[in-house]
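Welcome! Below are some exercises to work through with the model open beside you. Try each task yourself before you read the solution.

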Amino acid sequence: MTAVRILGIGSPFGADTLGMMAAAKLRASGLSNDYPAGMVSIDICDRPGVGLLDELRGIDLAILIDAARFGAHTGQIRRFGDQDIEDAVTVTSSHNLGVAEALALGRSLNTLPPVILYGIEIGPEGHAGATAEIAPEDMAWLKTAIQSDIATHRGTDRL
Amino acid sequence: MSEDKLIRINVPVLARVEGEGALDLSIRNGRIENLHLRIFEPPRLFEKFLEGRAWHEVPDIVARICGICPVAYQMSAVHALEQIFDCDPGPWVRDMRRLFYCGEWIESHSLHIHLLAAPDFLGYGSAPEMAKDHPEAVQRGLRLQGVGNALIKLLSGRSVHPVGVRVGGFHRAPDLRAVEDLLAKLRSALPEAEAVVSWAASLVATEGHEMPFTWVALRHETEYPMNEGHIVANTGLDILPADFETHFEEQHAPHSTALHAHLDGQPYLVGPLARLNLNHDRLPASIQALISQTGIKLPSTNMFQSIVARAIEICLALHEAIRILEGYRVPDSPFAEVTPKAGTGMAATEAPRGILWHRYETSAEGLIEKAVIVPPTSQNQARIEDDLKRSLEASGFHRGDDDALRLHGEKIIRNYDPCISCATHFLTVRIDRR
């Protein structure tokens, strides 16, 4: 059975919590229950740094959600495929690798499954003190998009 | 002909940073006119956050200062507070604190060697670039870092901002099965760590970057220092941590929010090379033999040999962790009871980047009335500036090649593993020619 891992990444502070908040909402919505038991896991991950590579080991499809800056209006969620992730500037810590850097390292080492990143725009002023909210319509869009990703992956998997 | 050249190097403001920095450099007629390294220093904000907080909140608050060395902040804090409260947690807690520190040294040094410093030495722009050509080395670094994280997690629930520490000891003791599992991982990691020593030594020229400077570290009667010891220097200084403020002077530098620290008016080095220079006789014979094989002569005045010092300290930390866990027993209680009282306590421990000194003043109820935290990066700041001045002048400023000059500056700064070091290419160059 294929294993899909949804990870909400960030920290408990300000706008940086958005990825973790989105994952918690997806879990509360019962998304995993739409699939065979054990197929789709949803977790939150507090600043994993290069530890992200371990989190994705043995997974067939990784779906990451993180606060990011990509020049859109604050709160917009955008889907980045494997090849587009470098375009998203995920919020980074100076003393650990950000998500984009950790994924670049994983690609160099050939240890990554297919990865989809959902970036939640925090805007140029987004910082630890910013208000962290995700609009209900944005959450609904995110859930539908992720269901579509999983369906596409399962279809590919069966070929 | 005189040529005025102003190079300004700055860092973009990032959210969630543990540090940020900029280097202002102006060169006139082939000489450095101004060189200012600016570092933002979060611990100074935490000094104020701590005021009015209860003694038992301190370990969890200071763990948030740094994402890469929370253990160090927790250890300096609990030692200082236990000094005020006349609390001796006993040998089990002492051993576990050393074990805890071993985890942080392994994790932090492995990250720095393999992902931050090695790309500089091997001529790559980033770790992902280097990983394409040196996947085994990078994988080894990640495995060792994982072992360090597992050690921290054993005692503290999680490796990032750990929560298991309390004044008096730990909230819980690891069970025997978890210890046995980890021992197996540590034993298998030891040969890999030994390989890192020779690999790191091969990256650094044995000669060519020597310069005179002062180095400062803790020194213990019998052990390689982590949690305890006098503060000593190659100048002959030998003082108790309580006397730190009478010998080390902190000053506001107008260009930086970090305080500049001096010993007798001079810059000084703290960190792995300083520790090794002052304490190599405290290493086990097997690790001293490893050092002999590298050909490195100690004490070393070649700052680039810091990467080798880190590799040696990974071996030492693994060696110590195995020793401690082989004698592990589950205690009756993982902590000693604490009764707060008014007083002042000071402690220094050896963070991965060097001496981390804390001082606390408490009320009779154990509320924090004043906190002073002196982190290693600010202590090294004046030393980094001194190194940059000497090294960049010696390089001839790369004959006007500003990219080469920036890369050289980055390499020198990153070699100190400051809290700004992970931001790859954190120095954005803007050149103004007058």
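**Exercise 1. A helix in chain A**

Which residues in helix 1 (residues 18-28) of chain A are buried?

*Solution.* Keep in mind that this is a predicted model. A residue is buried if 20 or more other C-beta atoms lie within 10 Å of its own. In helix 1 of chain A, that applies to Leu18(A), Gly19(A), Met20(A), Met21(A), Ala22(A), Ala23(A) and Leu26(A). Now step past the end of the helix: Gly30(A) follows helix 1 of chain A, and its phi is positive, near 80°.

**Exercise 2. Chain A as a whole**

Find the order of the elements of chain A, starting from the N terminus.

*Solution.* Begin with the inventory: chain A has 4 helices and 6 strands. Read from the N terminus, they come in the order β-α-β-α-β-β-β-α-β-α. Next, look at burial: 47% of the 159 residues of chain A count as buried. Finally, take the contacts in chain A with a separation of 6 or more; residues 24 or more positions apart account for 74% of them.

**Exercise 3. Two helices in chain B**

Describe how helix 3 (residues 70-84) of chain B and helix 4 (residues 91-122) of chain B are arranged.

*Solution.* Two packed helices are described by the angle between their axes and the distance between the axes. Here the axes come within 9 Å and cross at roughly 150°. Angles over 145 degrees count as roughly antiparallel, so helix 3 of chain B is roughly antiparallel to helix 4 of chain B. The crossing is left-handed. As for the residues that meet, helix 3 of chain B brings Val71(B), Ala72(B) and Met75(B), while helix 4 of chain B brings Arg97(B), Phe100(B), Tyr101(B), Gly103(B) and Glu104(B). Sorted by character, the residues of this contact are 5 nonpolar, 1 polar and 2 charged.

**Exercise 4. A sheet of 4 strands**

Which strands stand at the edges of the open sheet with the order 8-7-6-11 in chain B?

*Solution.* The pairing in this sheet of 4 strands is mixed. Strand 8 (238-239) and strand 11 (268-269) of chain B are at the edges; each has a single partner strand, so one side of each is left without a neighbour in the sheet. Now zoom in on one pair: strand 7 (residues 230-233) and strand 8 of chain B run antiparallel and are joined by 2 bridges. In strand 8 of chain B, Ile239(B) is the bridge partner of Ile231(B). To finish, add the helix: helix 9 (residues 272-279) of chain B lies across strand 6 (214-219), strand 7 and strand 11 of chain B, at about 70° to strand 6 of chain B.

**Exercise 5. One residue in that sheet**

Is Thr214(B) buried or partly exposed?

*Solution.* First locate Thr214(B), which sits in strand 6 of chain B. Then count: Thr214(B) has 17 other C-beta atoms within 10 Å, so Thr214(B) is partly exposed. Beyond its neighbours within four places in sequence, Thr214(B) contacts Ala233(B), Asn234(B), Thr235(B), Leu263(B), Gln266(B), Tyr268(B) and Leu269(B).

**Exercise 6. A sheet of 3 strands**

How many bridges pair strand 12 of chain B with strand 13 (residues 354-362) of chain B?

*Solution.* These strands belong to an open, antiparallel sheet of 3 strands in chain B, ordered 12-13-14. Strand 12 (343-351) and strand 14 (368-374) of chain B are the edge strands, and the twist averages 15° from one strand to the next. Strand 12 and strand 13 of chain B pair over 9 bridges; for Gly343(B), the bridge partner in strand 13 of chain B is Thr362(B). Helix 3 of chain B lies across strand 12 and strand 13 of chain B, running at about 150° to strand 12 of chain B.

Technical notes
Residues numbered from 1 in each chain as written. Chains lettered and ligands numbered in written order. Predicted model: local features only at pLDDT ≥ 70, side-chain atom pairs only at ≥ 80, totals over all residues. Buried ≥ 20, exposed ≤ 12 C-beta atoms within 10 Å, placed from the backbone. Axes fitted to C-alpha atoms, helices over the stretch in contact; angles between N-to-C directions. Parallel < 35°, antiparallel > 145°, perpendicular 65-115°, else oblique. Left-handed = near helix turned anticlockwise from the far one by under 90°. Contact = placed C-beta atoms within 7 Å. Nonpolar A, V, L, I, M, F, W, Y, C, P; charged D, E, K, R; others polar. Pairing = 2+ DSSP bridges.
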